[in-house]
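Could you walk me through this structure in my viewer, one selection at a time? I have not seen it before and would like to know what to click on and what is there.

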Amino acid sequence: MRESIANSYVFNLIIIFIGIIIVVLVGSLSYSKTFKIKNRLVEIIEKHKDFDYSAQQEIANFLRNSGYVTKKNPKCPSKTGFETGWHSSGYKYCVYKYNTAKGYYFHVVVFISFDIPIIGDILEFPLSGETRIIYDI
């Protein structure tokens with residue numbers, strides 16, 4: 001009887017360890033995908049040198065093809081010091097425009113999402129990046 005209790009204890013530890021490994025793997029894959037999406041959004045804004053209609057359309061096409069998760073009510077976190085803030089319609093990303101003495105730059109925030117039914121709606125982590133300064137000449 002003692003051996004069966006010890007075996008079930010070891011079996012439970014193995015199941016917990018495998019669960020932790022799966023959670024770490026899913027988290028790292030979601031982070032990697034979101035990091036690539038953030039970098040591509042920054043590249044698109046730098047290519048257009050503004051967050052205008054053509055940049056928004058290119059971003060929407062990219063997000064549609066990349067499989068980025070949509071949200072029903074995207075709300076961007078409030079930030080201080082920015083001139084203009086945008087959020088997308090349907091996709092959860094935010095773009096903030098900051099003015100400097102040399103020009104302006106954009107701050108892009110995308111959100112890591114998990115496709116887990118209950119936890120996916122609760123957990124949401126922002127991932128942000130900035131464009132280079134776009135000079136006003």
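Start by selecting Phe35, which is partly exposed at 34% relative accessibility. The model in front of you is predicted, so every value on this tour is computed from it.

Now add Tyr31 to the selection. Tyr31 is partly exposed too, with a relative accessible area of 40%. Both residues lie in helix α1, which covers residues 2-48, and they are four residues apart, about one turn of the helix. Turn the view until you can see both rings. How far apart are the centres of the rings of Tyr31 and Phe35, and at what angle are their planes? The centres are 6.1 Å apart and the planes are at 25°; with an angle under 30 degrees counting as stacked, this pair is stacked.

A search of the whole structure finds three aromatic pairs. For another of them, select Tyr104 and Phe106. This aromatic pair is edge-to-face, with 5.7 Å from centre to centre and 85° between the planes. Are Tyr104 and Phe106 buried or exposed? Both of them are buried.

Keep Tyr104 on screen and add Lys97. The charged end of Lys97 sits over the ring of Tyr104, at 4.4 Å from the ring centre. You can find a similar arrangement by selecting Arg40 and Phe62: the charged end of Arg40 sits over the ring of Phe62, 5.9 Å from its centre.

Next, go to strand β3, residues 103-112, and pick out Phe111. Its relative accessible area is 7%, so Phe111 counts as buried. Which residues is Phe111 in contact with, leaving aside its neighbours within four places in sequence? They are Thr34, Tyr68, Pro77, Lys92, Cys94, Glu124, Phe125 and Pro126. Try showing Thr34 from that list: Thr34 and Phe111 are 77 residues apart along the chain, yet their C-alpha atoms are separated by 7.0 Å.

Return to helix α1 and select Lys33, which has its place there. Lys33 is partly exposed, with a relative accessible area of 39%. Once neighbours within four places in sequence are set aside, Lys33 is in contact with Ser66 and Gly67. Draw a distance from Lys33 to Gly67: they are 34 residues apart in sequence, and from C-alpha to C-alpha they are 9.5 Å apart in space.

For a look at the surface, stay with helix α1 and select Val10, which is found in this helix. At 44% relative accessibility, Val10 counts as partly exposed. Now extend the selection to Tyr9, Leu13, Ile14, Phe17, Ile18, Ile21, Ile22 and Val26. Together with Val10, these residues form a nonpolar patch on the surface, with about 860 Å² of accessible area.

Finally, zoom out and switch to a cartoon view. How many helices and strands are there in the protein? There are three helices and five strands, and from the N terminus on they run α-α-β-β-β-α-β-β. Of the 137 residues, 31% count as buried. Show the surface as well: its accessible area comes to about 9400 Å², and 61% of that belongs to carbon and sulfur atoms. Among contacts with a separation of 6 or more, residues 24 or more positions apart account for 44%.

Note on methods
Residues are numbered from 1 along each chain as its sequence is written. This is a predicted model: local features need pLDDT of at least 70, side-chain atom pairs count only at pLDDT 80 or more; totals for chains, interfaces and linings use all residues. Side-chain values use heavy atoms; hydrogens and water are left out. Rings of Phe, Tyr and Trp (its six-membered ring) pair if their centres lie within 6.5 Å; planes under 30 degrees apart count as stacked, over 60 as edge-to-face and the rest as tilted. Helices (H or I, at least four residues) and strands (E, at least two) are DSSP runs, numbered from the N terminus. Buried means under 20% relative accessible area, exposed over 50%, partly exposed in between (1.4 Å probe, protein chains only). A charge sits over a ring if NZ of Lys or CZ of Arg is within 6 Å of the ring centre and within 35 degrees of the ring normal. Contact means heavy atoms within 4.5 Å. Accessible areas come from the Shrake-Rupley method with a 1.4 Å probe; for residues, only the protein chains shown count as cover. Patches are made of residues with over 30% relative accessible area and no salt bridge: like charges are joined within 9 Å, nonpolar side chains (Val, Leu, Ile, Met, Phe, Trp, Tyr) within 5 Å. A salt bridge is a side-chain nitrogen of Lys or Arg within 4 Å of a carboxyl oxygen of Asp or Glu.
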